[in-house]
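Welcome! Here is a short briefing to help you find your way around a structure you have not met before. Take a look at it first, and then read on.

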Amino acid sequence: MNRKLVIKPIISKDFNERGQVDLVDFQSVPDGKFKWILNQDHSTKFLSLRPLESKRASEVANNLLSIFLTFGAPKILQSDNGREFVNSIINELKELWPDCVIVHGRPRHPQSQGNIERSNQDIENMLRAWMKDNKTKKWSIGLQFVQFQKNSSHHRVIGRSPYKALFGNDPKVGLATSNLPIEILQKLVTEEDLEEIYKEDIQREIEKITVQCNVCGTECCMETDSAEAILCNLCEKNMKIKEARHLGAIGIEKQAEKMLQDSKIKIPTFKVGDCIVIPVPKVDRGPADPANIIGVVIDQKNDLNRIGTEHGVLKGWYGSGNIQSATSNFIDIEQVYKTKEINLKCNSRCHNSQACLNK
């Protein structure tokens with residue numbers, strides 16, 4: 001007998017509806033005092049990367065405050081590090097910025113967790129390549145170049161770069177993104193040199209007439225006073241930003257629809273005595289801990305499973321969507337100590353700054 005597991009994707013309609021924060025562990029390759037990377041991701045897929053000395057809520061909040069005071073704060077702040085982690089960050093933010101009201105999102109949502117994990121992996125790979133190319137271990141500097149490269153690259157889901165989805169145009173890299181030949185660019189030194197090249201453009205600016213923007217009423221210069229819609233530079237820019245974000249939102253909705261289709265997979269049901277494995281999220285285990293817990297179904301109730309291991313019985317009940325069939329019978333019921341529950345100390349790294357009673 002098989003059942004279907006259907007998940008509910010998260011869809012953000014606009015920028016700053018939801019922010020997602022995650023920490024990338026770089027303790028194995030510290031850059032001086034920096035050992036962590038803060039990855040803050042928005043619905044536009046725009047990244048803000050910051051090097052951190054620790055994962056303390058106060059330090060994370062201070063770096064987020066810098067980002068929020070530049071781009072604005074999201075309505076919802078989410079992290080797959082757990083709800084307690086986000087709560088402590090939000091409390092720190094409230095002390096620093098009392099007028100800012102943010103709620104925490106659901107932790108470990110399948111769609112968001114997958115997106116942020118892919119983003120983290122891209123950052124690690126790009127940063128590793130940058131350090132190799134530049135023959136340096138100063139990844140705190142390379143982080144800024146990786147951020148720019150990620151934000152200016154085409155994103156498959158939103159159909160444009162995150163930079164364009166946020167600002168309405170592709171990023172400029174000085175005159176390198178102009179249409180001037182490379183031999184001319186190499187000779188430019190002063191603004192006067194540039195004006196000499198653009199003499200024709202300057203003359204056209206002088207010949208423009210003053211008209212009124214149809215949207216905001218501001219006077220602006222145009223080459224013609226035709227009856228077509230007249231927009232000032234700011235209103236035209238605003239329309240481009242709205243269009244870019246709208247098209248990006250459509251891409252996210254399409255991804256959500258595909259995710260729903262992919263999630264309608266059949267998952268097996270289990271019976272007492274079946275050997276199973278439970279995947280352990282990376283955030284809940286140390287570098288030397290196993291990626292899976294091996295157990296056996298020892299009891300069932302209301303489509304939930306009670307799991308035993310060679311160390312004892314796990315607390316709580318597990319749905320079929322949270323466990324997987326083992327490739328072999330690694331353990332049987334006789335090996336489970338049913339008379340006691342597991343009393344191992346918690347090794348979850350997200351508890352480092354929490355008042356966990358099982359450390």
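The points below cover the sheet, its strand S3, and the helices.

This is a predicted model. Its sheet is open and has five strands, in the order S4-S3-S2-S5-S6, with mixed pairing. S4 and S6 stand at the edges with a single partner strand each, so one side of each has no neighbour in the sheet.

**Helices on the sheet**
- Helix H1 packs on the sheet and touches S2, S3, S4 and S5. The direction of H1 makes about 150 degrees with that of S4.
- Helix H4 (residues 139-152) also packs on the sheet, where it touches S3 and S4. The direction of H4 makes about 170 degrees with that of S4.

**Strand S3 and its partners**
- Six of the six residues of S3 (residues 36-41) are buried, so the strand is largely enclosed by the rest of the structure.
- Trp36, Leu38 and Gln40 point one way from S3, while Ile37, Asn39 and Asp41 point the other way.
- S2 and S3 run antiparallel and are joined by six bridges. Asp25 has Trp36 as its bridge partner, and Gln20 has Asp41.
- S3 also pairs with S4 (residues 47-52) in the antiparallel sense, over six bridges. Here Asn39 stands opposite Leu49.

**Helix H2**
- At 1.5 Å a residue, the 14 residues of H2 (residues 83-96) should span 20 Å, and this agrees with its end C-alpha atoms, which are 20 Å apart.
- Phe85, Val86, Ser88, Ile89, Ile90 and Leu93 are buried in H2.
- The buried residues of H2 pack against S2, H1, S5 and S6.

Definitions and conventions. Residues numbered from 1 in each chain as written. Predicted model: local features only at pLDDT ≥ 70, side-chain atom pairs only at ≥ 80, totals over all residues. Heavy atoms only, no water. Helix = DSSP H or I, 4+ residues; strand = E, 2+ residues; numbered from the N terminus. Expected span 1.5 Å × (residues − 1). Buried < 20%, exposed > 50% of the residue type's maximum accessible area, 1.4 Å probe, protein only. Contact = heavy atoms within 4.5 Å. Pairing = 2+ DSSP bridges. Axes fitted to C-alpha atoms, helices over the stretch in contact; angles between N-to-C directions.
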